[in-house]
Amino acid sequence: MSQPAAEVVRHDRIILAAQPDLAALDAWVEGGAKALVNSRTPEETASLPFDLKAEAEARGLTYLELPIGGAYGASPALAGQLAALLDNTQGDVVMHCKSGTRSAHLYGALLLSRDPSIANVFDHIGWPGGRDPNMVAALMPGEG
């Protein structure tokens, strides 16, 4: 089976992706994905030609919206919600936004919160896209 066109990079069990179509959802489920994390805003998601949440759930995926950008900004609470999902999900987790960049930043913030010794989180995960350390810092969960 080939990699879905939306997939940008894999790191461990995390798939960072651009906006998936239905064929990509099918391919990821076939490959063992168990959850889909959408970092697009509700306004962006509403513009899709299909109901992403309904389609993901119909395929047995746990669906979680963690919007980044626009009026939603970049909240540290999102990393906590992502951590809870990852800690309670076995199998691959697909994280996406329009290009995958917001998702990569959120995942990077979570990784850095768990292992501050990572020198460059983008290199660590093999992220080839945009890199904004300020966004990662804005998404970092605070001290408990």
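1. Starting with the fold: the protein has seven helices and five strands. Bear in mind throughout that this is a predicted model. Reading from the N terminus, the order of elements is β-β-α-β-α-α-β-α-β-α-α-α, so the chain opens with two strands and ends with three helices.

2. On overall size, the radius of gyration is 14 Å, which agrees with the value near 15 Å for a compact globule of 144 residues. The C-alpha trace spans about 35 × 35 × 30 Å along its principal axes.

3. How much of the protein is buried? Of its 144 residues, 47% count as buried. As for what is left on the outside, the accessible surface is about 6,900 Å², and carbon and sulfur atoms make up 51% of that.

4. Now the contacts along the chain. Taking those with a separation of 6 or more, 71% are between residues 24 or more positions apart.

5. A quick word on charge: there are 10 positive and 17 negative charges, and their mean positions lie 1 Å apart.

6. One residue to click on is Val9, which sits in strand S1 (residues 7-11). Is Val9 buried or exposed? Its relative accessibility is 14%, and buried means under 20%, so Val9 counts as buried.

7. What does Val9 touch, apart from neighbours within four places in sequence? The partners are Ile14, Ile15 and Leu16, plus Ile125, Gly126 and Trp127. Leu139 is another residue to look at alongside Val9: the two are 130 residues apart along the chain, and their C-alpha atoms are separated by 20 Å.

Note on methods. Residues are numbered from 1 along each chain as its sequence is written. This is a predicted model: local features need pLDDT of at least 70, side-chain atom pairs count only at pLDDT 80 or more; totals for chains, interfaces and linings use all residues. Side-chain values use heavy atoms; hydrogens and water are left out. Helices (H or I, at least four residues) and strands (E, at least two) are DSSP runs, numbered from the N terminus. The radius of gyration is taken over C-alpha atoms; the globule rule is 2.2 Å times the number of residues to the power 0.38. Buried means under 20% relative accessible area, exposed over 50%, partly exposed in between (1.4 Å probe, protein chains only). Contact means heavy atoms within 4.5 Å. Accessible areas come from the Shrake-Rupley method with a 1.4 Å probe; for residues, only the protein chains shown count as cover. Lys and Arg count as positive and Asp and Glu as negative; His and the chain ends are not counted. The place of a charge is taken as NZ of Lys, CZ of Arg, CG of Asp or CD of Glu.
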